[in-house]
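Okay, thanks for making time, everyone. I'll put the structure up and then walk through the parts I'd like you to look at.

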Amino acid sequence: MGLRERLGKEWLFCDGGTGSILQGLGLKGGELPETWNLTRPDDIKALNKSYFDAGSNIVNTNTFGANRFKFDNVSEIVTAAVKICQKARKEAGREDDAYVAIDVGPTGKLLEPMGDLPFNVAVDVFAEIIKAGYEAGGDLVLIETMSDSYEAKAAVVAAKEVCDLPIIVTMVYDETGKLLTGGGVEGTVAMLEGLKVDAVGINCGFGPTQMLPIAERLVKCCSLPIVVNPNAGLPRTENGMTVYDVDPDDFASVMEQIAKLGVHVMGGCCGTTPDHISKMINTVKAVPFTAPTFKNETYVTSFADCVKIGKKPVIIGERINPTGKKKLQQALRDHNTDYLLTEALKQEEAGAHILDVNVGLPEIDEPSMMEDVVLKIQSVTNLPLQIDTTNIEALERGMRIYNGKPMINSVNGKEENIKAVMPLVAKYGGVLVALPLDEGGIPETSDGRIAIAKRIYEEADRYGIPRKDIVIDGLAMTVSSDPNSAIATLDTVRRVRDEFDGHSILGVSNISFGLPARELVNSHFLTMAMQNGLSCAIINPCNGPMMASYRSFNALMNLDPNLQEFITAFKDYVAGSTTVASTKSSGAASGAVLTLGEAIERGVVGRAAEAMKEALDSGRDSLEIIDSELIPSLDRVGKGFEAGTIFLPQLLMSADAAKAAFAVVKEAMADKPRNTKGQVIMATVKGDIHDIGKNIVKVMLENYGYDVIDLGKDVPPEVIVDCAIENNIKVVGLSALMTTTVASMEETIKLMREKKPDTKIVVGGAVMTPEYADQIGADAYAKDAMATVRYCDSVFEGSA
Amino acid sequence: MPLSVDIPEKEVLRYMGYRGISDIDPETQVRIDKAMEQVAAQSHPRVISKEYPVRIRGNEITVYNDTEEVILASESLARNLKDCCGAILLAATIGPACDMLVRRAAVTSSAEVSIYQATGAAAIEAFLDDYNDKLEKSYAAQGLFLRPRFSPGYGDLKLDHQKDWFRLLDITKHTGIELTDSLLMVPTKSVTAIIGIGIDKNKTGCSGCSGCNRHDTCAYSKEDK
């Protein structure tokens, strides 16, 4: 019988530890255990066989770390491991009821954006291992000891793309039920269920006793079969050897307790031996088996956060969507992701639970923009995202790179659309927004919408997408063109709740299109929709009246324990005011109004922008304001910094203020050609991921009128040189923080001299000294941002 | 599990580059207070440490593990560990949250980037100081004394030895700290170190700012120059 037919229907058992046994056989520190597949296959076979003999149904191949970062013959090593394990199974006489698991451990590298391994490269790395294991005849893929849900996702995607074998994923949590990267049990399970793996669980980290509470949480939230593979307790050193403190009898007795919680597959990890496993099997077999039960909770997750779609409505921030937003459109065209990130942070601060991300503009490459924006937003916020696009390629790229289980906006009732969207949701997982419209258009009545919703639910069943992961859009459309539209929408929302026990969503503000005082209509409509059972509201969370409705509703409906959210939000409320207390002050000093120059010198961001706007509004020429006020005040701060009377924080605050003032100028001159002193490239060299210093220099250069091409961090020499040639750049600024990366700085300089000798190179960074700069052939050393500005001035003025 | 120790504000200011002044403007003070509060609340410190026998011959330190011997070549570390026969290797981090706070700050304000960087640095050091104190007490009970902690990259101890620390302690698995190809740690607010165990109380070895060959030019030096 196949493993899939048995998982969750009867007790199944994994094997136990490998590393400690191999060390006992003479594996040296620093020696890679997987090499033994080729050099000492008999020892590995004996190890595998001892677990088949102990009664394990699932025995791992010796391939935990068999990835391309450690081996250049991955396929050979994995193939050998599978063959060895098959032989061991045959010799143990277990060919009928035991399975060879292609064992996949973490790569040892951290994925982007936290680390330096791109997601799609991680998928390739795992695919190489799994493909070799599949072709050699492995029966399942066991992805284990994952402490990062994102890496686990990469491995699962790889497995699904190279084979159709059952997939089991076990993660390492700490005592508090957190992954090392911050995710919790429930969110991780939701993501893995979305990815449609066959079983999930926990392994390694600690012993069975510490694992009990985590197993309990798994049983509560997980609809799939659950795997529990603990260590033999905690390691300690005895006579120079690592030993574990839980013996086979104790191990078996705690595993019995865990078995009674209602888990389904049990085994061991570090420190456990065939003896541990065989005693455990004997004990656990006597415990009555309980099949997994379906859990009806709906979660949207990020790598760290887990938002429940249920009784309490959820706020989805709508601001990252270019429709009707000129500034955002421009930001997308300029690839100014900072602007999008600012919008993301603002909405988080205002109280959004999920952020909608729509980057659709006809003139941009939407798929790569979506991928880039999803990655960048996830690097600054824990909030889950709603990937919002009609472009199927953009949707897939966004879902693939996404860390967690996203919301997807959207599918509709058209056959073609269902065929395009649902397979993606079935592959990557996600909570899917469904628009009840089809080839016949948008039904005017709730009857029509409910009929389409029903059909969409049925289609979801066919694709294996659970109904709990479908959220029906009530389709809010303006009452100014159809006086019945609000009624039809509210009816739809109510019937989704009552007739399907389903979830609903609305783009709330569409209801008031074309009306004055839209926020009045919107906020009342929101309350009415929530009263009719609305689960998700797509709104602008920075809008006071909308959030006031939302928080009041929760307070009144006993959805805000101790009214804490309400009180926190409105403790400073002034009657009659419609604005919600903002937590952020603009930084404007009370009392005296600062001039532009003062605001910059004192680093008051909000006031600097305001003062610049006032100056422009009064009809003054922007260049004149910059030359007579902005630059002199920056200079005063810069000189103070150089003299040691002003410290870095103040310099940076002034730079921030100047930047804000410049942003106002830029916006005002959006259509006019800009005057710059010249173009400068800035980059942190290859191998170095420190970009704080470089970013400071960039801000200062921009403030002083330079157009900076920022190539980012970890930039290869050829990229820098090619960019310099292409744009005929006069000055390149290179930054390196580490001694180890000065070599790539030198390499970059060498290549530049060879290919574009007239470009000047100024270097800086913590390890740099004037002597060092000289030694590697730089034109100049800059000890800080001001010095870089001065150097650029000297080059550009000298040649002007 | 938030940070269990207070972040010393004095250290935050030092990492920010303030030297010898006490009157921080109120705007900055508000931001520093907020950063200290957030970093403390969102940190999730983890540490792994293990004791090893060591032998010092000339400028060569041998660390003995059950399956291998690791040789560290460093004059300054040899001086630090003089007469020690054991040493604790450790790795600690305050977790990934501080890095995200820095990235968030980078979206809007370079000043806040420097504040969060400084706060994170002060936080991991404070956490380690506290951990160090506890180790010191437990060794003192056995009549043993600890030398000041020393990290790969200090003095002439090559940063390449990070790889040894990661292999010996299995750091990634226990703490979530990963080593990049350029030998940097992520989360960035992480530390690897060695602490000598000696029998002589007075031998404190060389350490801290005065033990560093960049002491004279370093902007962060603890001693006023």
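I'll go through the domains, the sheets, the core and then the second chain.

First, keep in mind that this is a predicted model. So let's start with chain A. The domain assignment splits chain A into four pieces: domain 1 covers 3-284, domain 2 covers 298-570, domain 3 covers 596-668 and domain 4 covers 678-799.

Take domains 3 and 4 of chain A. Their centres, taken over C-alpha atoms, sit 25 Å apart. In the contact between them, domain 3 of chain A puts in 10 residues and domain 4 of chain A puts in seven residues. Which helices line the domain 3 side? Both α24 (622-643) and α25 (648-668) of chain A supply at least two residues each there. As for chemistry, that side of domain 3 of chain A has seven nonpolar residues, one polar and two charged.

Now the sheets. Chain A has an open sheet of eight strands, paired in parallel, in the order β1-β10-β7-β6-β5-β4-β3-β2. At the edges you'll find β1 (12-13) and β2 (58-60) of chain A, each pairing on one side only. Inside that order, β5 (residues 167-171) of chain A runs parallel to β6 (residues 199-203) of chain A, and four bridges join the two. If you want a spot to click on, A:V169 stands opposite A:V200 in β6(A). There's also a helix to look at here: α6 (residues 119-135) of chain A lies across β3 (99-104) and β4 (140-146) of chain A, at about 165° to β3(A).

Stay on A:V169 for a second. Not counting residues up to four places away in sequence, A:V169 touches A:I143, A:M146, A:A152, A:V156, A:L192, A:V197 and A:V200. And A:V169 turns up again in the largest nonpolar core, which has 320 residues: A:F126, A:I130, A:V169, A:A608, A:A661 and B:A87 are the ones that touch the most other members. Which element gives the most to this core? That's α5(B), with 12 residues.

Back to chain A for the other parallel sheet I wanted to show. This one is open, has five strands, and goes β22-β21-β23-β24-β25 (chain A). The edge strands are β22 (706-710) and β25 (780-781) of chain A; each has a single partner strand, so one side of each has no neighbour in the sheet. Five bridges pair β21 (residues 678-684) of chain A with β23 (residues 731-735) of chain A in the parallel sense, and one bridge to look at puts A:T684 with A:S735 in β23(A). Across β21, β22 and β23 of chain A lies helix α27 (residues 717-726), running at about 175° to β21(A).

For contrast in strand direction, here's an antiparallel pair. β11 (residues 298-301) and β12 (residues 306-309) of chain A pair over four bridges in the antiparallel sense, and the two form a hairpin with four residues between them. A:T298 stands opposite A:I309 in β12(A).

One loop residue next. Find A:F513, in the loop between β19 (503-507) and α19 (518-531) of chain A. Why does A:F513 count as partly exposed? Because 14 other C-beta atoms lie within 10 Å, and a residue has to reach 20 or more to be called buried, or 12 or fewer to be called exposed. Leaving aside neighbours within four places in sequence, A:F513 is in contact with A:T478 and A:S480. A:S480 is 33 residues away in sequence from A:F513, yet 7.1 Å away in space, C-alpha to C-alpha.

Right, chain B. It has seven helices and eight strands, and 49% of its 225 residues are buried. Among chain B contacts between residues at least 6 apart in sequence, 76% join residues at least 24 apart.

In chain B, β2 (residues 60-64) and β3 run antiparallel with five bridges between them, and they make a hairpin with four residues in between. B:E60 stands opposite B:A73 in β3(B). In a regular strand, side chains alternate between the two sheet faces. Along β3 (residues 69-73) of chain B, B:V70 and B:L72 point to one face and are buried, while B:E69, B:I71 and B:A73 point to the other and are not.

Last stop is where the chains meet: 36 residues of chain B contact 44 residues of chain A. On the chain B side, α4(B) gives the largest share, seven residues. By class, that side has 14 nonpolar, 13 polar and nine charged residues.

Technical notes:
Residues are numbered from 1 along each chain as its sequence is written. Chains are lettered from A and ligands numbered from 1 in the order in which they are written. This is a predicted model: local features need pLDDT of at least 70, side-chain atom pairs count only at pLDDT 80 or more; totals for chains, interfaces and linings use all residues. Domain bounds come from an automatic or database domain assignment. Two residues are in contact if their C-beta atoms, placed from the backbone, lie within 7 Å. Ala, Val, Leu, Ile, Met, Phe, Trp, Tyr, Cys and Pro count as nonpolar, Asp, Glu, Lys and Arg as charged, and the others, Gly among them, as polar. Two strands pair if DSSP finds at least two bridges between them. Axes are lines fitted to C-alpha atoms, for helices over the stretch in contact, and angles run from 0 to 180 degrees between N-to-C directions. A nonpolar core is a set of buried Ala, Val, Leu, Ile, Met, Phe, Trp, Tyr and Cys residues joined through C-beta atoms within 7 Å.
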